[in-house]
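Colleague: I'd like a close look at the charged pairs in this one. Could you walk me through the salt bridges, and then whatever else catches your eye on the surface?

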Amino acid sequence: MVFGRYARQTLRSKFQILFGVLMPLLFLLFFGPLLTDLPLGGTTDSWQILVPGLLLQLALLGASFAGFSILVEKQTGVLERMRVTPVSRLALLLGRVLRDVALFVFQSVLLVLVAVAMGLRAPLGGILVGFVFVGVLAAALASLSYALAVKVSTPQEFGPVINALTMPVMLLSGLVLPMTLAPGWLDLLSHVVPLRYLVDAVRAGYVGDYASAAMLYGVLVATALALLSMTVATRVFRTADS
């Protein structure tokens with residue numbers, strides 16, 4: 001029921017659906033052609049490097065700011081009215097998170113369709129693996145975003161925290177270019193960023209390398225991140241005052 005409520009809200013907002021994919025799409029249209037024929041490592045096509053990073057960038061930026069809706073509901077009293085009902089706190093969280101997962105996976109499909117038209121060639125299995133990673137990352141980050149929004153009081157507190165966390169992650173995870181092209185110390189530092197392993201895993205899938213160590217590490221890190229995030233967010237929803 002909670003998922004249906006927020007899904008209907010999203011469907012009524014066409015701008016949210018289409019403009020959420022705008023930034024990765026601009027990267028694809030204006031930055032992608034610059035990478036064509038550049039030696040990015042091995043025989044990998046430049047689109048197979050760029051598109052996986054843009055998919056996870058879409059989930060990173062979109063899901064990280066999902067908590068803004070909680071701030072609006074807190075100010076209008078919607079969250080308080082929902083919390084006094086018999087609905088479990090886990091349902092209140094999961095309903096929102098599942099809406100976000102559906103939204104970002106749909107946007108990812110749009111992005112991949114445009115990328116295919118521009119020259120992306122990747123196995124269907126790898127593309128589907130990419131959608132799964134987008135969904136898992138969106139679920140993890142949206143959960144943490146909602147938990148943070150429950151704890152803070154105003155958008156002025158929420159926004160700077162999210163920006164301070166997402167910017168280093170974007171720079172160190174190799175979303176646009178693989179971190180193997182970076183200096184040794186920067187590549188080493190990037191290994192402490194969980195998103196780095198997800199990016200490497202999706203890129204491995206886009207070249208059909210499903211049994212690689214990168215894919216294994218990506219699955220393990222994504223699973224651990226999702227479980228930890230959901231656990232933390234559920235606890236916050238259960239204990240925080242409305």
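Modeller: Sure, let's start with the count: there are 5 salt bridges, taking a salt bridge to be a side-chain nitrogen of Lys or Arg within 4 Å of a carboxyl oxygen of Asp or Glu. Before the details, keep in mind that this is a predicted model, where local features need pLDDT of at least 70 and side-chain atom pairs count only at pLDDT 80 or more, while totals for chains, interfaces and linings use all residues. Residues are numbered from 1 along each chain as its sequence is written, and side-chain values use heavy atoms, with hydrogens and water left out.

One of the pairs is Arg96 with Glu73, with N to O at 2.6 Å. Arg96 sits in helix H7 (residues 89-118) and Glu73 in helix H5 (residues 68-76), so this salt bridge ties together parts that are 23 residues apart in sequence. Helices here are DSSP runs of H or I with at least four residues, strands are E runs of at least two, and both are numbered from the N terminus. Arg96 and Glu73 are both buried; buried means under 20% relative accessible area, exposed means over 50%, and partly exposed is in between (1.4 Å probe, protein chains only).

Next comes Asp100 with Arg99, whose closest N and O atoms are 3.0 Å apart. Asp100 and Arg99 are buried too.

Then there's Asp200 with Arg196, joined by a salt bridge at 2.8 Å, N to O. Both belong to helix H11 (residues 194-206), and being 4 residues apart there, they are separated by about one helical turn. Asp200 is partly exposed, at 24% relative accessible area, whereas Arg196 is buried at 6%. Back to shared partners: Arg5, Glu73 and Arg96 are joined into one network by their salt bridges.

As for the surface, Phe15, Leu18, Phe19, Leu22, Leu26, Leu29 and Phe30 make up a nonpolar patch with about 740 Å² of accessible area together. Helix H2 (14-19) and helix H3 (22-35) are the elements that give two or more residues to this patch, and H3 has the largest share, with 4 residues. Patch residues have over 30% relative accessible area and no salt bridge; like charges are joined within 9 Å, and nonpolar side chains (Val, Leu, Ile, Met, Phe, Trp, Tyr) within 5 Å. The areas come from the Shrake-Rupley method with a 1.4 Å probe, and for residues only the protein chains shown count as cover. Phe30 is in helix H3, and Phe30 is exposed, with a relative accessible area of 61%.
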